[in-house]
Amino acid sequence: MRNIKRRICFLTLVLGFSTFVRSQETIEAVEQLLSQMTLDEKIGQLNLLTPGGGIATGSVVSENVEAKIKAGQVGGLFGVSGPEKVRQAQKIAIENSRLKIPLLIGSDIIHGYKTTFPIPLGTAASWDVGLIQKMAETAAKEATADGINWNFSPMVDIARDPRWGRIAEGAGEDPYLGSAIAKAMIKGYQGSDLSAPNTMMATVKHLALYGAAEAGRDYNTVDMGRLKMYNQYLPVYKAAVDAGVGSAMTSFNDIDGVPASGNKWLITDLLRNQWGFEGFVVSDYTSVNEMIAHGLGDLQTVSALALNAGLDMDMVGEGFLTTLKQSVAEGKVTEAAITEACRRILTAKYKLGLFDDPYRYSDESRPAKDILTDGNRSLAREAAKRSFVLLKKQEGILPLKKKSKIALIGPLANNKNNMLGTWAPTGDPQLSVPVLEGFKNVAPKAKISYAKGANITDDPDLAQRANVFGTRVEIDERPSAALLKEALNLSKEADVVVAVVGEASEFSGEAASRTDISLPKSQKRLLRELAKTGKPLVIVLMSGRPLTIAEELELPASILQVWHPGVEAGNAIADVVFGDYNPSGKLTATWPRNVGQIPVYHSMKNTGRPIEGDNFQKFKSNYLDVENTPLLPFGHGLSYTDFSYSNIQLNKDEIEQGESISVSVEVSNTGAYDGEEVVQLYLRDVVRTVTPPMRELKGFKKIFLKKGETKTVELTLRPEDLKFYNAALEFVAEPGEFEVFVGTDATADLKTSFRLK
């Protein structure tokens, strides 16, 4: 044993030394290159362009890209993919520019590359960080096979307003879970060796607070105090930095009145000086230029503001390229600041191995063997079914028998165009499996009849806005009454009705905010009429956000939330509906009763006049027209089986500062099916110097239990789990009582307590 320990120590020293040597070599190589560069060439490295004709992610396309690369005026490209095209771009830089500096090749790979996984809000609902890491590894392998070495992901923004369309792209409302997922994704993308041909540089975005845009309206202002920032919104970004993320992207919103792309407190004081971030910072699409509309000056002024704030790379806007040299001459920025930004970008290129081999991501043999493989699609199917959340179960309906006579109804029941979800620009919707096909694959002996039943929406204006990236909403030429009649006729002849309804994929995502997050009227009418038939009803609900479904929840139906499930959508949905997999997903964002409740989330604070129970009380903090409680709480998710919790215990009743404490609980599967449960631990700091949340998620574990089985589950509260940022922004744990809640969702009432000395 002693010899083994010595070997481990020796290897650790060797690996540490080799890492140090590589770092020193990189530093020396970067400094040598910087010494040869002109001011124009340094500025050129700060310029990120998109040539168009590739992957569309914005409204501006760069001009004269090839000439600019030859002139040393481009540091990176995005919207370019394929080994041959990437090789051509690198060849221009290597063979035609003076210093032969290779290009960064970036892309938005949000939930898979060609193999599209469920939207991130869906994958987060799996509460399976190992699975999420594996998805990121697969996405990196596919993307690098197609020439891409830099990913604009993960998006870690905490979002507590489901009107905001980009809630679909993140992990939901909670910083503890969001941090765990961010770390897993970064590890999956970047691996242990950033220069390996199957890993890529990750980007944490959007720095910062983007998910708190006022009124849930995209790109809108954010007004937030430092205490709320540090305790609730910033931890996810810091977790990404701690995980070693290679780059960071600024957000579109302002912070304390200064847009993020020009905010020195954010980029330099917080990100670099407080958190120790060593990578480079890129703006979001034209966000530097957009500071003009924010009211901060002309292009030269805002470009200088951004550089002086610590921004390193300007995405698409070209304000750096066209104004920084003049700003140096006028003393508005220094060449030293430009050199420092250039240094960070060159360092990233060295870490990616691009100087050793600029064509390392241009192996034309890789796409055929690494992209959309059977194994990758199998993982997408597994990820999808683990993301589904059983919102409601009507006894005796699910799972369906595979020999049933099924009326499969709904505008999303045989629809490839909406399976991938928002922000899947690298995926092909026509390669997705629609629900009808999945049902036939999984239950070939079932008698399945299909009818559309209703349009996704009957509103042509809404349809037009959703169809920017192709047809997502198609309004049938037949009258709505005819669609409904066909569906009802099929339903009368069936044993069970499965209605696949919800949002079109582009009803959520970027620039897809909504004030009405209920189902469109056409679909609400369809569900009401199907319920009246008296046939057993299953509602398969697709969306990129929490919806207001109070009416639908009252229907005599089981409701399965499937988000937008990705390329294997239909197969995964069928796996769950027919019982080949028992749903285990849990919500990571609270579902409101109506939009007037927003924001509503599990870690809200108490008031000086809290309501007792659910009944209205005058002069207490409640509404006249609706309960305070949400429609569906954070962490909610049912199973075909049932679980019970008992015998919660702590290994100590009192702990010292810096000590951990162990929490154990017995979980039993009391139902008729084997299944998985996400055991959730919530903590309440009873008394402290700044008002505490009523409870905060501080631990979780996903377990499998056979029917009738009981397991003792242990969770550990670490010293940092008891800490918070106080009024002086010090990260401290204050002595006093802490309450611990363990259960199946954020309303868990099994509790115990301990004291911190």
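**View 1. D298 and its polar contact with T301.** In this predicted model, the side chain of D298 makes a polar contact with the side chain of T301, at 2.7 Å. You'll find D298 in the loop between α11 (291-294) and α12 (299-309). The residue is partly exposed, with a relative accessible area of 44%; that label fits because values from 20% to 50% fall between buried and exposed. Look also for G319: it sits 21 residues from D298 in sequence, and the two C-alpha atoms are 9.9 Å apart in space.

**View 2. Where α12 meets α13.** Here α12 is shown with helix α13 (residues 319-329); their axes come within 9 Å and cross at roughly 85°. The two helices are therefore roughly perpendicular to each other. On the α12 side, the contact is made by L299, Q300, S303, A304, A306 and L307. On the α13 side, G319, F320, T322, T323, L324, Q326 and S327 take part.

**View 3. Helix α16 on its own.** This helix covers residues 374-387, so to speak end to end in one view. From the first C-alpha to the last, the 14 residues of α16 reach 20 Å, close to the 20 Å expected at 1.5 Å a residue. Several of its residues are buried, among them L379, A380, A383 and A384. The buried list also includes N376, R377, K385, R386 and S387.

**View 4. An open sheet of 3 strands.** The order here is β17-β19-β22, and the pairing is antiparallel. β17 (643-650) and β22 (710-717) stand at the edges with a single partner strand each, so one side of each has no neighbour in the sheet. On average, neighbouring strands of this sheet are turned by 25° against each other, direction ignored. Zoom in on strand β19 (residues 661-669) and β22, and you'll see antiparallel pairing over 8 bridges. One pair to pick out is S664, which stands opposite E714 in β22.

**View 5. β26 and its partners β25 and β18.** Strand β25 (residues 736-743) runs antiparallel to β26, and 7 bridges join them. Together β25 and β26 form a hairpin, with 6 residues between them. To find your place in the hairpin, look for F741, whose bridge partner in β26 is K751. Now turn to strand β18 (residues 654-655), which runs parallel to β26 (residues 750-756) and is joined to it by 2 bridges. There, I655 stands opposite L756 in β26.

Terms used:
Residues numbered from 1 in each chain as written. Predicted model: local features only at pLDDT ≥ 70, side-chain atom pairs only at ≥ 80, totals over all residues. Heavy atoms only, no water. Helix = DSSP H or I, 4+ residues; strand = E, 2+ residues; numbered from the N terminus. Buried < 20%, exposed > 50% of the residue type's maximum accessible area, 1.4 Å probe, protein only. Polar contact = N/O pair within 3.5 Å; in protein donor to acceptor, adjacent residues only side chain to side chain. Pairing = 2+ DSSP bridges. Expected span 1.5 Å × (residues − 1). Axes fitted to C-alpha atoms, helices over the stretch in contact; angles between N-to-C directions. Parallel < 35°, antiparallel > 145°, perpendicular 65-115°, else oblique. Contact = heavy atoms within 4.5 Å.
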